[in-house]
Amino acid sequence: MAVTKILARKGRLDAGVSYVLNGDKTEDRILTDSINCDPGREARQMIETKRELGKEDGIQYYHMIQSFAPGEVTPELALEIAREFARRHLPDYEVVIGTHVDRQHIHSHILWNSVSVMTGAKYHSNAKSYYQVRALSDELCREHGLSVLPTSKNKAVSYAEWLRQSRGQPTFRALLEADLRESIEDANDLGHFFLLMEHKGWEIKHGSRLAYRLRGQEWYIVPERKDPLFSEDAIRDAINGNLTAIETLQRPIIVERPRYRPYPKNRKYSGFLALYVRYLYVLGKIEKREYPPRMTPRLRASLMRFERYREQFAFLRENGITTQDGLDAFAAKTEERLAALTKQRTILNVRKKKRQALYAALADAEALAPARECCESGLSGLEDEYARYTEAAETLEVCGIPRERLAAEKAALYEELAEVNRAIRAERKKLKLCAEIAGEAPRIERELERVEGKKAKQSERKAEQGRF
């Protein structure tokens, strides 16, 4: 899933190019590319193109940001999609591309000269060109097996709305659509529907289209623009359909709703859990700043391992571990389970070894059956394969076990081995997390003391400056 945003800029070209190609954000410029301009001279060539064509005023460049959902793409794939976008949409323009990996979501920056190097014409960004950009971005995402944002009648989901949805945060539009569906399901007629919506806190504006806003909200939302099912006629038809279904006993008269339950209070953490909550808060606060302050090398390295700390915290919370003694006890039990699983795997491997000759013969008999048919029909060139098939068939006949039963036994044994191996990997991962937490917890505690001490000194310094 890619979200696109285009910015028209009148500022300095070299500043924009430097930001896009920033080595700290692009793995030392590995995730960058230049089209129609030479690496290292991108900004200079763009300025020379403007000067030669006498178009140095106005918009200097356009800056597009193509953001992907967290975990959906690799940096290399994001860079390739940006390259393909530039080749198709901007073949006559000087372009620089940089895929930034300094955030949780990978995003590409595509900057191009506002003046075409081929025709000298200026690029114009408007609603029509934006939908062309969106359509091309979605097409490239589909070609690479990625999801796309839903659209209806050329109306795209806004970036702010998509961002809130991707973070699992509610949006006014999502709340409105949920209340609309619930009210349509409960209403007896259109007037009753409007009454239910007003009781839910929505102000209704009756015009060519129905518009809604929560009391105190500044702007109205027109859901019909996104989904024609929310037009006045469609709502009336849906309510009439509900009444018909009630009359024919296809749905109940009263739809049971789950009882309201207040949002649970935040859990109080202690021990390791409290330590990790505090450290994740500190790291998350730094990461969300666009221009973070100077950090210690240790804190910068910790920020790069943010997801690893989140995994360790989830592990602690899931298993209820808060102290070093609890961690040691959990590790001891895990080692016992691992030893039992390893013993079980040894027994299964012994069984597999005893039957290995029969299992290999069964596989050869199934795989080389076409070779037997070819040789028996008079074709040459598969004599070795036919000999292997004959040997396998003789082995199976001598053993006296029907092939169907042997195949079922083999499948069950291999499945059991795979299950045990998965369990062993899971237990080893738990042991690894226990060892990591035991080593990280003291270091996290020291780092938090440094951060808190630094904040205390800054507060004291500000207080002293305020006295004078």
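## A tour from T334 outward

Leaving aside neighbours within four places in sequence, select T334 and the residues it touches, which are E427, K430 and L431. The model on screen is a predicted one, and the values quoted along the way are computed from it.

Keep T334 selected and colour the helix around it: the residue is found in α12, which covers residues 324–367. Is T334 buried or exposed? Its relative accessibility is 0%, and because buried means under 20% relative accessible area, T334 counts as buried. Now add R337 as sticks, and a polar contact of 3.2 Å can be drawn between the side chains of T334 and R337.

Next, zoom out to the whole protein, where the secondary structure comes to 15 helices and 9 strands. Switching on a surface gives an accessible area of about 28600 Å², of which 52% belongs to carbon and sulfur atoms, while 37% of the 468 residues count as buried. If a contact map is at hand, consider the contacts between residues at least 6 apart in sequence: 69% of them join residues at least 24 apart.

Then move to residues 13–20 and residues 42–53, that is, helix α1 and helix α2, which pack at an angle of about 145° with their axes 9 Å apart. The crossing of these two helices is right-handed. Which residues make the contact? On the α1 side, select L13, D14 and V17, and on the α2 side E42, A43, M46, I47 and K50. Colouring this selection by residue class shows 5 nonpolar and 3 charged residues, with no polar ones in the contact of α1 with α2.

From α1, follow the chain into the loop that leads to β2 (32–35), where E27 is found. The backbone deserves a look here, since most residues other than glycine have a negative phi. In E27, by contrast, phi is positive, near 55°, and the residue is not a glycine. The relative accessible area of E27 is 45%, so this residue is partly exposed.

The last stop is N36, placed in the loop between β2 and α2. What is the sign of phi at N36? The angle is positive, about 65°, although N36 is not a glycine. With a relative accessibility of 36%, N36 counts as partly exposed, because that class lies between the 20% limit for buried and the 50% limit for exposed.

How values were computed: Residues are numbered from 1 along each chain as its sequence is written. This is a predicted model: local features need pLDDT of at least 70, side-chain atom pairs count only at pLDDT 80 or more; totals for chains, interfaces and linings use all residues. Side-chain values use heavy atoms; hydrogens and water are left out. Axes are lines fitted to C-alpha atoms, for helices over the stretch in contact, and angles run from 0 to 180 degrees between N-to-C directions. Helices (H or I, at least four residues) and strands (E, at least two) are DSSP runs, numbered from the N terminus. A crossing is left-handed if the near helix is turned anticlockwise from the far one by less than a right angle, and right-handed if clockwise. Contact means heavy atoms within 4.5 Å. Ala, Val, Leu, Ile, Met, Phe, Trp, Tyr, Cys and Pro count as nonpolar, Asp, Glu, Lys and Arg as charged, and the others, Gly among them, as polar. Buried means under 20% relative accessible area, exposed over 50%, partly exposed in between (1.4 Å probe, protein chains only). A polar contact is a pair of N or O atoms within 3.5 Å; within protein, one must be able to donate a hydrogen and the other to accept it, and residues adjacent in sequence count only if both atoms are side-chain atoms. Accessible areas come from the Shrake-Rupley method with a 1.4 Å probe; for residues, only the protein chains shown count as cover.
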